[in-house]
Amino acid sequence: ATVSVLYCPPTQMTMAEVDTTNGAKAAPPRRRWNSGRAPGMIVEVKGKTAPRHSLRPFNQTEPQKEEDPRVKDFKKRLKDDTVYLGHGRDEGLKSLAWGGIPMRMRAECWKILSGYSPAAKDRREKELTRKRKEYFGYVKQYFTADAAANDQERAMRHQIQVDVPRTLHEHCIFQTEFVQQAMERILYIWSIRHPASGYVQGINDLTTPFLAVFISEHLDLNKLLSSLKHECEEQINTLSEETLQAIEADTFWGLCNLLRYVQDNYTFAQPGIQQMVLKVKNVIRKLDPELSAHFEEHDLKFTHFSFRWMNCLLVRELPLHIVMRLWDTYMAEAEGYPALHVYVCVAFLLHWSKDLIKMDFADMLSFLQSLSKRHVYLKDLEQWISMAYVLQHRFEDSSHLDALEDGVDGDMI
């Protein structure tokens with residue numbers, strides 16, 4: 001199939017074209033990013049464009065207005081007796097969510113998209129009650145003072161207790177007593193119930209978007225994220241015990257549904273992550289040979305920086321409201337999100353390529369390990385997601401990567 005990719009760096013526009021059939025150049029994209037948008041957007045892959053709703057992103061830091069047509073679309077879809085998830089690029093909930101979910105509807109959408117909450121409205125309350133009760137049955141069964149039955153489980157619980165206070169410590173909401181106790185229970189129970197992996201550092205970070213989203217059903221998240229610890233405690237204490245239990249149980253099941261697609265990321269030697277990092281390396285070598293050569297010249301391996309990108313799904317790299325927006329798309333992708341995530345990471349590197357090739361080893365490593373200190377905006381994320389979508393369909397199930405992987409030593413990543 002012919003692939004046409006339009007990528008506009010900040011200073012100029014270039015066209016990269018690939019034809020895998022007869023060598024003819026691809027036709028120029030039919031849809032161009034309008035002048036009101038930022039540069040850097042992938043516009044079209046012939047026969048494959050990013051879902052159209054991704055072209056109208058929400059500003060997640062501001063309340064969405066009732067008259068916003070996309071807010072109306074979500075409200076209409078969620079009012080259906082059975083929420084239509086959609087198929088392909090039609091107007092189902094997945095298509096809507098792909099381009100971002102309004103904050104006040106995000107919790108409900110995430111539950112439905114993950115399969116935790118039934119699409120049928122008349123089954124929803126009963127099923128959520130059953131699953132929440134099931135989770136607290138696990139708490140009673142596993143999480144007692146002497147629950148750690150052996151040295152391995154005691155060591156695992158100790159590591160969780162060490163990691164929880166360090167999780168997104170820049171936001172006081174995650175330093176509150178409720179959140180830290182809930183996080184400890186969630187991580188320990190998930191680990192006990194998944195003995196093939198147990199607890200792996202980084203999983204703690206993956207609880208934070210779920211906690212934030214499910215708390216936002218009841219409290220103003222923007223206010224919480226800008227509050228001091230005692231102010232967060234006061235706001236959390238206004239919630240009933242039933243509400244707090246629902247937040248905790250929903251977070252546990254959200255984490256379970258997220259991790260079921262990446263189990264081999266957390267087993268011995270983390271082979272899933274190794275494969276994802278290798279794929280990033282191979283795609284960059286194909287798309288940006290100058291950057292790839294610069295990394296090799298300075299002996300910078302992709303595992304030095306992108307291992308954590310895969311392990312924590314960019315929670316440590318991006319501001320929380322950006323992560324939640326990114327995860328809207330991942331929720332819409334369901335089992336396909338790990339593959340898309342690889343290309344989001346590729347898009348990061350392409351975005352900063354011109355800066356990176358001017359740096360030495362120490363500067364590159366510092367830069368790539370501290371992306372959270374860079375100014376990252378929603379418009380940047382929208383570019384990266386759309387670029388990732390196009391690149392995924394360019395490279396997945398094609399001979400491009402097969403030829404590369406055959407000659408690559410995994411130790412070199």
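These questions and answers cover a predicted model.

Q: Which residues of helix H12 (residues 289–297) are buried?
A: H12 has a buried side, and the face turned away from that side carries exposed residues. Seen down the helix axis, the buried residues fall within an arc of 160°, so they line one face of H12. The buried residues are Leu291, Ser292, His294 and Phe295.

Q: Why do residues three or four places apart in an α-helix point the same way?
A: The spacing of residues along the turn settles this. They point the same way because an α-helix has 3.6 residues a turn.

Q: Which exposed residues does H12 carry on the face turned away from its buried side?
A: Leu291 and Phe295 are among the buried residues of H12. The face turned away from the buried side carries Pro289, Glu290, Glu296 and Glu297.

Q: Which helices do the buried residues of H12 pack against?
A: The buried residues of H12 include His294 and Phe295. Their packing partners are H11 (271–287), H13 (303–311), H15 (337–351), H16 (353–356) and H17 (361–368).

Q: Which residue with a positive phi follows H12?
A: The residue lies in the loop between H12 and H13. Its phi is near 60°, and it is a residue other than glycine. At 49% relative accessibility it counts as partly exposed. It is aspartate 299.

Q: Which residues have the most contacts inside the largest nonpolar core?
A: This core has 120 residues. H15 gives the most to it, with 11 residues. The residues with the most contacts inside the core are Phe295, Trp327, Leu349 and Leu356.

Q: Which residues does leucine 356 touch, not counting residues up to four places away in sequence?
A: Leucine 356 is one of the residues with the most contacts inside the largest nonpolar core. Its list includes Leu291, His294 and Phe295, which are buried residues of H12. In full, leucine 356 touches Leu291, His294, Phe295, Leu349, Met364, Phe367 and Leu368.

Q: Which residues do ring pairs link into a cluster?
A: The structure holds 24 aromatic pairs. One member of the cluster is Phe295, a buried residue of H12. The linked residues are Phe295, Phe302, Phe305, Trp309, Phe348, Trp352, Phe367 and Trp384.

Q: How many Å from the ring centre of tyrosine 188 does arginine 157 lie?
A: Arginine 157 lies over the face of phenylalanine 143, at 4.0 Å from the ring centre. Arginine 157 also lies over the face of tyrosine 188. For tyrosine 188 the value is 5.4 Å.

Q: Is asparagine 311 buried or exposed?
A: Asparagine 311 is found in helix H13. Its contacts beyond four places in sequence include Val200, Tyr266 and Gln270. Its relative accessibility is 7%, under the 20% cut-off. Asparagine 311 therefore counts as buried.

Q: Where is glutamine 270, a contact of asparagine 311?
A: Glutamine 270 has a positive phi of about 45°, although it is not a glycine. At 15% relative accessibility it counts as buried. Its place is in the loop between helix H10 (241–259) and H11.

Q: How many Å apart in space are proline 195 and threonine 267, C-alpha to C-alpha?
A: Proline 195 is found in the loop between helix H6 (177–192) and helix H7 (203–215). At 69% relative accessibility it counts as exposed. Proline 195 and threonine 267 are 72 residues apart in sequence. In space, the value is 9.1 Å.

Q: How many disulfides does the count come to?
A: Cysteine 109 counts as buried at 0% relative accessibility. Cysteine 312 counts as buried at 0% too. A disulfide needs a pair of cysteine sulfur atoms within 2.5 Å. The count comes to zero.

Key: Residues are numbered from 1 along each chain as its sequence is written. This is a predicted model: local features need pLDDT of at least 70, side-chain atom pairs count only at pLDDT 80 or more; totals for chains, interfaces and linings use all residues. Side-chain values use heavy atoms; hydrogens and water are left out. Buried means under 20% relative accessible area, exposed over 50%, partly exposed in between (1.4 Å probe, protein chains only). Helices (H or I, at least four residues) and strands (E, at least two) are DSSP runs, numbered from the N terminus. The arc is that of the directions from the helix axis to the C-beta atoms. Contact means heavy atoms within 4.5 Å. Rings of Phe, Tyr and Trp (its six-membered ring) pair if their centres lie within 6.5 Å; planes under 30 degrees apart count as stacked, over 60 as edge-to-face and the rest as tilted. A charge sits over a ring if NZ of Lys or CZ of Arg is within 6 Å of the ring centre and within 35 degrees of the ring normal. A nonpolar core is a set of buried Ala, Val, Leu, Ile, Met, Phe, Trp, Tyr and Cys residues joined through side-chain atoms within 4.5 Å.
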